[in-house]
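Good morning, colleagues. I should like to take you through one model, beginning with its second chain and ending with the contact between the chains.

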Amino acid sequence: MRWYFRAIGTRKIIEFLLLIVFIVFFVSPLLNLAVLAFSGKWSYPDLLPQQWSLQWWKFVLHEDEISKSIGLSFLIAALVTALSIVLCIPAAYAFARIRFPLSKVFLFSFLLTHAFPKMGLYVSIAVLFYKLGLMNTLLGVVLVHMINVLMFMTWIPTAAFRNVHSAQEESARDVGASPFRVFRSITLPMALPGIIVASIFTFLNSLDEAQGTFLVGIPDYRTMPIVMYSIISDFPGSAGAVFSIILTAPTIILLLAAQRFVSADVMSSGFQLK
Amino acid sequence: MSIQLSIRDLSKRYKTGEGVSGISLDVNKGELITLLGPSGCGKTTVLRSIGGFLEPDSGDILIEGRSVVKLPPEKRPTSMVFQGYNLWPHMTIYDNLAFGLKIRKMPKAEIRSAVEEVLRLVRLPGAEKKYPSQLSGGQQQRIAVARSLLLKPAVLLLDEPFSALDAKLRHEMREELREIQTETGLTMVFVTHDQEEALSLSDRIVVMNHGHIEQIAAPQDIYDAPETLYVAEFIGKMNFLKGGAQGDKLVVGRMEFPNAKHLTGEVVVAVRPEDIILEPGTSQAAGLPGTIKQMMILGHYAEVSIDLGDHGIIRAFQPRDKVKELQLGQSVNATFNKVIAYSNN
């Protein structure tokens, strides 16, 4: 046996152990979650449920508040994504193309919203929202969500626009395209992978956001993560499992879609502050 | 011969202090003219002004007699090939080539046949469905040239288009560009810092330095009769010696040359290495005495360094038969076939 370990080398063994740890910590909770969602009766110490059932799926999908929260969450996520595209893409283009004083400082300032404890930030925003009458409104919730994604929504597309070389835009002008046509046919399509990644990120981030929503949106705007809290405290674990699968599914689907468009290095180049 | 492109007293200053001033140049129809100079001399500024990517501070640019200086690049009858990043990676070669024609609303069938024809001209037939990333650097530049050719521009502008390619490929591309130019009769303005490229490619060369034109002449004339000291130093190899002007004679050591430029006082005398004749021994009446310091054999000729004492060290190209008679440390007498004199100031 020892000759075998020596042959494959300690490095390989460590890698293998790390992989095991990875599986235990990442895959097993998900697996447990999946089993729990379909269990009718499952008690310690059995490895699998004594009874399989779809009753919690029926329960979750028939509960009015829950299905409403799913709709609301997707509506908010779509609004947040659309609004931040409208707001951040032109800004990103400006950061990438126009040299103006302090542009680096401005670009860096987007990090500020992530530099402080979130709860502190949300409370101060809530104070402001009270004065503006934005508490318990859809707009208020959307704005809170947008604060979280401004950074990614600006940084990643800025990097994507920077990857479009000025000669590529100039040769399009040269062959007869107007500035608008150049943006539509050359610059935007070339930067699109980065923009798609940032948008997916924004969408998922909004779906997942609970703290700010809880503070600003309660009682009328109860999104999926907020409803999740009450389900976990009021119903058996299986209901929570079903719900978290519903919450996780769009994430997995969108991330798989994103993988088709871009490689990890496009993502990471979004974080370079050139 | 009609004038295709005329630049009149063009000036452009950058905040950094660099720029060009007083650039005037007429380019004939069907001519290939090269703007040659070191980086920062303003050659690209002139080219980008013609293309419409820079707005000059003053001066005028006329193409086929019409002022274009107020037009944006897409409205100008010019087309530019850049140093790199010419192609759009998200489009196939066909779409890259057809983009400009589609904007011009050319019928599809005509675009198709035009693209096919131009791909044959740049020796890449059948590349329509490929993406730029599937082509080599040289092939990409050929596609860029092809895209410009398709638009049948009044003037084709080339901004160091081959500088990113390796030496051998650069040589090939030069020949191909020359062929394309003969075939299409296009007027071309070519920017380069590579004098070999300029000499081998051009009908005329514009040597630029610090934002102004030093000399405009045919390649052989630039080499044989550089008008300024700068051009003499910049083009090819050159030796510089001190001399004096006495009436209608130029005196260098014991040699005398005609004073064609009617210079006076001290002058700088320039001699090409191939215009130097070396004879062993020191007994000759004319010429400058010296000793051989170094010999570099370069196959069909050798580069010989000669220490001329007060006149400094000069380099001479010697044919291989001559090299056999010479050896290191030997005393020689150097005479010059031909010199060019410049006033010393």
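**A predicted two-chain model**

The C-alpha centres of domain 1 of chain B and domain 2 of chain B lie 40 Å apart. What you see is a predicted model, and I shall speak of computed values throughout. The bounds behind that separation are residues 3-231 for domain 1 of chain B and residues 237-343 for domain 2. As to confidence, the model scores ipTM 0.81 and pTM 0.80. For chain B the mean pLDDT is 90, with 98% of the residues at 70 or more.

Let me stay with chain B as a whole. Along the principal axes, its C-alpha atoms fill a box of roughly 80 × 45 × 40 Å. Its secondary structure amounts to nine helices and 20 strands. Of its 345 residues, 38% count as buried. If we take contacts between residues at least 6 apart in sequence, 65% of them join residues at least 24 apart.

The UniProt record, an unreviewed entry, lists residues 5-235 of chain B under "domain: ABC transporter". In the model this span is 37% helix and 25% strand, and its end C-alpha atoms lie 26 Å apart.

Within chain B, I would draw your attention to helix H1, residues 43-51. Why may we call helix H1 of chain B largely enclosed by the rest of the structure? The reason is that nine of its nine residues are buried. They run from Lys43(B), Thr44(B), Thr45(B) and Val46(B) through Leu47(B) and Arg48(B) to Ser49(B), Ile50(B) and Gly51(B). Just after H1(B) comes Gly52(B), which takes a positive phi of about 95°.

Two of those helix residues appear again when we turn to Val189(B). Setting aside neighbours within four places in sequence, Val189(B) is in contact with Leu47(B) and Ile50(B), and also with Val27(B), Ile33(B), Leu35(B), Val155(B) and Leu157(B). Val189(B) and Ala146(B) are the residues with the most contacts inside the largest nonpolar core, which has 137 residues. The element that gives the most to this core is helix H6 of chain A, residues 138-162, with 14 residues.

For contrast, consider Pro125(B). It lies in the loop between helix H3 (108-121) and helix H4 (137-150) of chain B. Is Pro125(B) buried or exposed? Pro125(B) is exposed, because just 12 other C-beta atoms lie within 10 Å, and 12 or fewer is the cut-off for that class. Beyond its neighbours within four places in sequence, Pro125(B) is in contact with Leu119(B) and Arg120(B). Its C-alpha atom is separated by 9.4 Å from that of Val115(B), 10 residues away along the chain.

I now move to chain A. Its division is into domain 1, residues 2-40 and 47-52, and domain 2, residues 64-269. The C-alpha centres of these two domains of chain A lie 33 Å apart. Five residues of domain 1 of chain A are in contact with six residues of domain 2 of chain A. On the domain 1 side, the largest share, four residues, comes from helix H1 of chain A, residues 2-37. By class, that side has four nonpolar residues, one polar residue and no charged residues.

UniProt, again in an unreviewed entry, lists residues 70-258 of chain A for "domain: ABC transmembrane type-1". Over that span the chain is 81% helix and 0% strand, with the end C-alpha atoms 22 Å apart. The record also lists residues of chain A under "transmembrane region", including 70-93 and 142-161. In the model, residues 70-93 of chain A are 100% helix, and the end C-alpha atoms are 34 Å apart. Residues 142-161 of chain A are likewise 100% helix, with an end-to-end C-alpha distance of 26 Å.

Finally, the contact between the chains. How many residues does each chain give to the contact? Chain A gives 14 residues and chain B gives 19. On the chain A side, the elements that give two or more residues are helix H7 (166-174) and helix H8 (179-208) of chain A. H7(A) gives the most to that side, with six residues. The residues of the chain A side divide into six nonpolar, five polar and three charged.

That brings me to the end of the presentation, and I thank you for your attention.

How values were computed: Residues numbered from 1 in each chain as written. Chains lettered and ligands numbered in written order. Predicted model: local features only at pLDDT ≥ 70, side-chain atom pairs only at ≥ 80, totals over all residues. UniProt positions renumbered as here; feature names shortened; annotations may be inferred. Core = buried A, V, L, I, M, F, W, Y, C linked by C-beta atoms within 7 Å. Buried ≥ 20, exposed ≤ 12 C-beta atoms within 10 Å, placed from the backbone. Contact = placed C-beta atoms within 7 Å. Nonpolar A, V, L, I, M, F, W, Y, C, P; charged D, E, K, R; others polar. Domains from an automatic or database assignment. pLDDT = per-residue confidence, 0-100.
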